[in-house]
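Here are a few exercises to work through with the model open beside you. Try each one before you read the solution.

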Amino acid sequence: MSHAQRLTPTDQQDLEQAVQILLSPTLTAKLTGVVGKPLDKILEYLPRGMESKIQVLVKTALSKAADAALWSLGNEQKEASPKWNKAYAAISGGVGGFFGFTGLAVELPVSTTIMMRAVADIARSEGFDLEDEDTKQACLQVFALGGESKDDDAAETTYYAMRLMTAEVITTHAGKWLSSLLEKVATRFGVVVTEKAAAQAIPIVGAASGALINTMFTDFFQDMARGHFTVKRLEKAYGFDTVKAEFNRIAAQKELR
């Protein structure tokens, strides 16, 4: 990194925090920790054929959420309100958990919109224009950070690889980028929603855990959004290649510790 491109101490600290966030344990690992059962045991509670139904629900929920959440917020830059978003998510999760699988079709669009709103709230706080299509794309990208599709290869699991993958989708399907991007993101987001649905079906879990899990989901995606939009803000100031190189350098150092 040349002297002219060197990040200020404040921006360097922001990037280090973003790397820490974006390298944090996956949502699957956090969910397993909360429920206290390994993933394969959690998925045993999922009725046959439910996984494909959840994928359809997830794509519809993301599509509605992308429009409802971003355009329902004002565009004036202000501090995000993560506590309120988590509170709303807890309420919707409690209702969904109480009704089990039958409540998922009602709860999922609501909770996804709340999480999308939380992501957009952070994008706005980082100075991004919510009326810009690039911001909408970036908000959807956050939901690809929650889980891994069985079609992913190992390289797609890293932060910049995820961005490259979604950018290629947008470029390849320029005229229909939204539906194509939703398809790709929904596949990954659907993985953790499926795990969430299975966890809430465990007999002793119920509504209380539904609220806890939804709060955890919202907290996770808010963190991912903070990391993601911090990186994108710095890229606007210093250039994509400069920030990516420094991101990878910091990440490599953390892996050695």
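**Exercise 1.** Is Phe143 buried or exposed?

*Solution.* Start with the ground rules: this is a predicted model, where local features need pLDDT of at least 70, side-chain atom pairs count only at pLDDT 80 or more, and totals for chains, interfaces and linings use all residues. Residues are numbered from 1 along each chain as its sequence is written, and side-chain values use heavy atoms, with hydrogens and water left out. Next, the cut-offs: buried means under 20% relative accessible area, exposed means over 50%, and partly exposed is in between (1.4 Å probe, protein chains only). Phe143 comes out at 0%, so Phe143 is buried.

**Exercise 2.** Work out how Phe221 pairs with Phe143 and with Phe189.

*Solution.* Rings of Phe, Tyr and Trp (its six-membered ring) pair if their centres lie within 6.5 Å; planes under 30 degrees apart are stacked, over 60 edge-to-face, and the rest tilted. That rule gives 10 aromatic pairs.

Step one: Phe143 and Phe221 have ring centres 4.9 Å apart and planes at 25 degrees, so they are stacked. Phe143 is in the loop between helix 7 (133-142) and helix 8 (159-172), while Phe221 is in helix 10 (residues 206-238), 78 residues apart. Helices here are DSSP runs (H or I, at least four residues), numbered from the N terminus.

Step two: check Phe221 itself, which is buried at 0% relative accessibility.

Step three: with Phe189, the centres are 5.6 Å apart and the planes at 75 degrees, so this pair is edge-to-face. Phe189 belongs to helix 9 (residues 177-200), 32 residues from Phe221.

Step four: put it together. Phe143, Phe189, Phe217, Phe220 and Phe221 make up one aromatic cluster.

**Exercise 3.** Track down the acidic partners of Arg233, including Asp11, Asp14 and Glu126.

*Solution.* A salt bridge needs a side-chain nitrogen of Lys or Arg within 4 Å of a carboxyl oxygen of Asp or Glu. The whole structure has 8 of them.

Step one: Arg233 bridges to Asp11 at 3.8 Å, N to O. Arg233 sits in helix 10 and Asp11 in helix 1 (residues 9-22), so the bridge ties together parts 222 residues apart in sequence. Arg233 is partly exposed at 24%, whereas Asp11 is buried at 15%.

Step two: Asp14 also bridges to Arg233, with the closest N and O atoms 3.2 Å apart. Asp14 is in helix 1, 219 residues from Arg233.

Step three: for Glu126 and Arg233, the closest N and O atoms are 2.5 Å apart. Glu126 is buried at 13%.

Step four: bridges with shared partners join Asp11, Asp14, Glu126, Arg226 and Arg233 into one network.

Methods. Helix = DSSP H or I, 4+ residues; strand = E, 2+ residues; numbered from the N terminus.
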